[in-house]
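This report describes the fold of a single protein chain, beginning with its sheets and closing with confidence. The sequence and model are shown first.

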Amino acid sequence: MKNLSVPIEHSIPFTNTSMDNSRSVFSHVPISFVAKYCECLAHCPRIKTYLVKTLGIDELSLSTYNIGYCDSAAFEHSLFKGCITLPLSYIDNTVELFGLKIGPAKNHHTDFAFNPFYQPFFTLDALDNVAIKCDSPLDVIAFNEHGYKNTFCEFGSCLSETTIDELKQLGTSTIVYFTSVLGVSFDIAEASYIAQRYGITLCEVNLPFLTRHIGEWDTFQWQLFDKRLTCALSHMGMRNERYQA
């Protein structure tokens, strides 16, 4: 099995007993489970289609990042049943696993628990001046494939002081977040107060659609996304890093 290309300091060990209305699950599992879930995905064309056509993750990334699926019928008693799975980091003979439930969610919020001794976010590339906030690790992978390398996902979606402190240490000076008619999932006033103390600026990008399910985005959505992101950053004297060498 290949290890992730993600440095271990960019992922977080934690555990969560999953609430009924939560769309995400996190836990320690044996490394062997990762291979089982990958094999299960290979036999579930409907889920692979969902990953590619809806979430916007190509088949190469499915293999590169050991993305899998925990079929409810095959793994009836697993915490991850009905979840798309993504290993975050390997430690000894266990792996920190993220699971995304693909069934309908009862609300737009997810409860998380994390160990504050580790970085509470996931990213694929070394973040620099601008860090773009995504909703899940799978979104980070999907945006990465479209050239947006400076993305991250915070487990908890609250832009906590722990996250802002870690981003500051990585050289981030601007955090981009997206708003829509549904608003945002964190307290902007509190996040702005914390960010100001760390010398970090929050950059709002308003869109008429949510920044998820990007596999379903058409050309107009991608153009609008890119234009508004570039415009918002330019007003702050920053550049869209997608166009930087």
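In which sense do strand 3 and strand 4 pair, and over how many bridges?

## The pairing of strand 3 and strand 4

In this predicted model, strand 3 (residues 83-91) and strand 4 (residues 94-101) pair in the antiparallel sense, and eight bridges join them. Two opposed positions illustrate the register: Cys 83 stands opposite Lys 101 of strand 4, and Thr 85 stands opposite Gly 99. The two strands form a hairpin with two residues between them, where Asp 92 adopts a positive phi near 55°.

Strand 4 has a second partner, since strand 1 and strand 4 also pair in the antiparallel sense, over seven bridges. On that side, Val 25 stands opposite Gly 99 in strand 4. Gly 99 thus has Thr 85 opposite it as well as Val 25. Six of the eight residues of strand 4 are buried, so this strand is largely enclosed by the rest of the structure.

## The four-stranded sheet

These pairings belong to an open sheet of four strands, arranged in the order 1-4-3-2 with antiparallel pairing. Strand 1 (24-30) and strand 2 (68-70) stand at the edges with a single partner strand each, so one side of each has no neighbour in the sheet. Neighbouring strands are turned against each other by 40° on average, with direction ignored.

Helix 1 (residues 31-42) packs on this sheet and touches strand 1, strand 2, strand 3 and strand 4. The direction of helix 1 makes about 90° with that of strand 2.

## The five-stranded sheet

A further open sheet has five strands in the order 5-7-6-8-9, and its pairing is mixed. Its edge strands are strand 5 and strand 9 (201-206), each of which pairs on one side only. From one strand to the next, the twist averages 35°.

Strand 8 and strand 9 supply a parallel pairing, which extends over six bridges. Within this part of the sheet, Ile 175 stands opposite Leu 202 in strand 9. Helix 7 (residues 219-234) lies across strand 6, strand 8 and strand 9, and runs at about 150° to strand 9.

## Thr 151 in strand 7

Is Thr 151, a residue of strand 7, buried or exposed? Its relative accessibility is 2%, and because buried means under 20%, Thr 151 counts as buried. Leaving aside neighbours within four places in sequence, Thr 151 is in contact with Phe 122, Thr 123, Leu 127, Ile 132, Cys 134, Val 140 and Phe 143.

## Helix 5 and its cover

Helix 5 (residues 161-169) has four buried residues listed as Thr 163, Ile 164, Glu 166 and Leu 167. They cover an arc of only 165° around the axis, which places them on the same side of helix 5. An α-helix has 3.6 residues a turn, so residues three or four places apart point the same way.

Which elements cover the buried residues of helix 5? The cover includes strand 5 (121-123), strand 6 (130-134), strand 7 (151-154) and strand 8 (174-179), together with helix 6 (188-197). Just after helix 5, Gly 171 takes a positive phi of about 95°.

## The chain as a whole

The protein chain contains seven helices and nine strands. Of its 245 residues, 49% count as buried. Among contacts with a separation of 6 or more, 70% are between residues 24 or more positions apart. The accessible surface of the chain comes to about 11800 Å², and carbon and sulfur atoms account for 52% of that area.

## Confidence in the model

The mean pLDDT of the protein chain is 81, and 82% of its residues reach 70 or more. Over residues 1-21, however, the pLDDT is below 50, although this stretch has 76 contacts in the model beyond near neighbours in sequence. The pLDDT also stays under 50 over residues 105-118, for which the model has 30 contacts beyond four places in sequence.

Technical notes. Residues are numbered from 1 along each chain as its sequence is written. This is a predicted model: local features need pLDDT of at least 70, side-chain atom pairs count only at pLDDT 80 or more; totals for chains, interfaces and linings use all residues. Side-chain values use heavy atoms; hydrogens and water are left out. Buried means under 20% relative accessible area, exposed over 50%, partly exposed in between (1.4 Å probe, protein chains only). Contact means heavy atoms within 4.5 Å. Accessible areas come from the Shrake-Rupley method with a 1.4 Å probe; for residues, only the protein chains shown count as cover. The arc is that of the directions from the helix axis to the C-beta atoms. pLDDT is the predictor's confidence in each residue, from 0 to 100. Two strands pair if DSSP finds at least two bridges between them. Axes are lines fitted to C-alpha atoms, for helices over the stretch in contact, and angles run from 0 to 180 degrees between N-to-C directions.
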